[in-house]
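Trainee: I should like to learn how to read a protein structure feature by feature. May we look at one together?

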Amino acid sequence: MDSTPKFSRILLKLSGEALMGGLEYGTDAEEVQRIARQAAAIGAGGVQVAIVVGAGNIYRGLKAAAKGMDRATGDYMGMLATVLNALTLQDALEGIEQHTRVMSAIDVKEVAEPYIRRRAMRHLEKGRVVIFAAGTGNPFFTTDTAAALRALEIHAEAILMAKNGVEGVYDADPATHPDAKFIPKISHREAIERGLKVMDSTALSLCMDNDLPIYVFNMGDEGNIDRIVHGESVGTLVSNVPTAE
C-alpha cells in the first residue's frame, strides 16, 4: 500500500446506527471509541477529516411523521439528536488527544460553534477533526444531503459513506435477498435510476452534478477507512464514470 494518502481532505458520513454497535438503540461507548481511533489515525497521517453524523440511533423524523407528527417538527427533533451524537464523538476524539470542533447548523452556542464555512476550513487546515451537526439546519433534508452539501462547501475530495454489516452497494437489499449481488463500481446516475440505496436521491444528484465520488464501505472493518484514503479498492465506488457493460 502506498504510504502517501490519495486524498488530502475527506468527509466521513456516519449513520446514527454506526454508533450503536450491538445495541438495539442508543450509543455503544466502545463503538464510538473505535470510530474515533480510525478518524484520528487518518488525521495523523495527513488527511483532513470532516464528519457528518446521523441520529437514527436516537430519533427518526420520518417515523414520527408517519405516526402523525408534523414532519418539520420531527426533523428539527432529529437535528437536535445529531448534536447529541456529535458531542459524544467529540468527547471520544478528545479523549485520545485529537483536537475536534463541533459545528452546528442550528444555534446551540453553549455546546457547539455555529457553522461558518471558512471557519470550518480553517479548523481542518489546523489539523482538527470537524464534526458537522444538525444536518443542513432545514427540515425535509436528510443528513445524507447535509454530507453532500458540506463536502462540496469545504472542497472535500470524496465522501466516505460508512455502512453497518454490508461491504458496499448491492443490487438488492442483502438483508432480505440473500442472492443480492455486490456492485464494486457504479455511476451516480445509474444508482439513482436503479433506486439503489446509496444515499437519498437529493444527495446523490448533488454529488453527480458536482463530480464528487462516494466510497461506500463496511465500517465493521477497522482498517477500511485507512485503505480507502491510501487508494485501495474497498467497498463500492460511486462516481461519474459510467459502469462498464
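Trainee: Which residue forms a salt bridge with arginine 194, and how far apart are the closest N and O atoms?

Mentor: Please keep in mind that this is a predicted model. As a general idea, side chains of opposite charge can pair when their charged atoms come close. In this case the partner of arginine 194 is glutamate 190, and their closest N and O atoms are 3.0 Å apart. Arginine 194 counts as partly exposed, because its relative accessibility is 42%.

Trainee: How many salt bridges does a search of the whole structure find?

Mentor: The search finds 10 salt bridges. One of them joins the side chains of arginine 101 and glutamate 113, at 3.6 Å from N to O. This pair links distant parts of the chain, since arginine 101 belongs to strand β3 (residues 100–104) and glutamate 113 to strand β4 (residues 113–114), 12 residues apart. Arginine 101 has a relative accessibility of 25% and therefore counts as partly exposed. Arg101 and Glu113 also belong, with Arg119, to a network of salt bridges.

Trainee: What separates arginine 150 and glutamate 153 in helix α5?

Mentor: The general idea comes from helix geometry: an α-helix has 3.6 residues a turn, so residues three or four places apart point the same way. Here, arginine 150 and glutamate 153 are 3 residues apart in helix α5, which means that about one helical turn separates them. The two form a salt bridge, with their closest N and O atoms 2.8 Å apart. Arginine 150 is buried, at 5% relative accessibility, whereas glutamate 153 is partly exposed, with a relative accessible area of 23%.

Trainee: Is helix α5 largely enclosed by the rest of the structure, or largely open?

Mentor: To judge this, one counts the buried residues, those under 20% relative accessible area. Helix α5 covers residues 143–153, and 8 of its 11 residues are buried, so the helix is largely enclosed by the rest of the structure. Among these buried residues are Thr143, Asp144, Thr145 and Arg150, together with several alanines, including Ala146 and Ala151.

Trainee: Which elements do the buried residues of α5 pack against?

Mentor: They pack against four strands and two helices, namely β1 (9–14), β2 (48–53), β5 (129–133) and β6 (159–163), with α3 (71–95) and α7 (201–209).

Trainee: What caps the N-terminal end of α5, and what follows the helix?

Mentor: Threonine 142 is the cap: one of its side-chain oxygens lies 3.2 Å from the backbone nitrogen of aspartate 144. After the helix comes histidine 155, which has a positive phi, near 65°.

Trainee: How many residues does the largest nonpolar core have?

Mentor: In soluble globular proteins, nonpolar side chains tend to be buried together. The largest nonpolar core here has 40 residues, and Leu14 and Leu160 have the most contacts inside it. Among the elements giving two or more residues to this core are β1, β2, α1 (29–44), β10 (214–218) and α8 (224–229). Another core, of 32 residues, lies apart from it and includes Leu11, Val130, Ala156 and Leu212.

Trainee: Which residues are in contact with leucine 160, leaving aside its neighbours within four places in sequence?

Mentor: Among them are Ile10, Leu12, Tyr215, Phe217, Ile225 and Val229.

Trainee: In what order do the strands of the open sheet lie?

Mentor: The sheet has 9 strands in the order β4-β3-β5-β2-β1-β6-β10-β11-β9, and the pairing is mixed. β4 and β9 (185–187) stand at the edges with a single partner strand each, so one side of each is left without a neighbour in the sheet. At the β4 edge, β3 and β4 run parallel and are joined by 2 bridges. Methionine 103 stands opposite glutamate 113 in β4.

Trainee: How many helices and strands does the protein have, and why is it called as compact as a globular protein of that length?

Mentor: The protein has 8 helices and 11 strands. Its radius of gyration is 17 Å, close to the 18 Å that the globule rule gives for 245 residues, so it is as compact as a globular protein of that length. Buried residues make up 50% of the 245 residues. Of the contacts between residues at least 6 apart in sequence, 71% join residues at least 24 apart.

Key
Residues numbered from 1 in each chain as written. Predicted model: local features only at pLDDT ≥ 70, side-chain atom pairs only at ≥ 80, totals over all residues. Heavy atoms only, no water. Buried < 20%, exposed > 50% of the residue type's maximum accessible area, 1.4 Å probe, protein only. Contact = heavy atoms within 4.5 Å. Polar contact = N/O pair within 3.5 Å; in protein donor to acceptor, adjacent residues only side chain to side chain. Core = buried A, V, L, I, M, F, W, Y, C linked by side-chain atoms within 4.5 Å. Salt bridge = Lys/Arg side-chain N within 4 Å of Asp/Glu carboxyl O. Pairing = 2+ DSSP bridges. Rg over C-alpha atoms; globule rule 2.2 N^0.38 Å.
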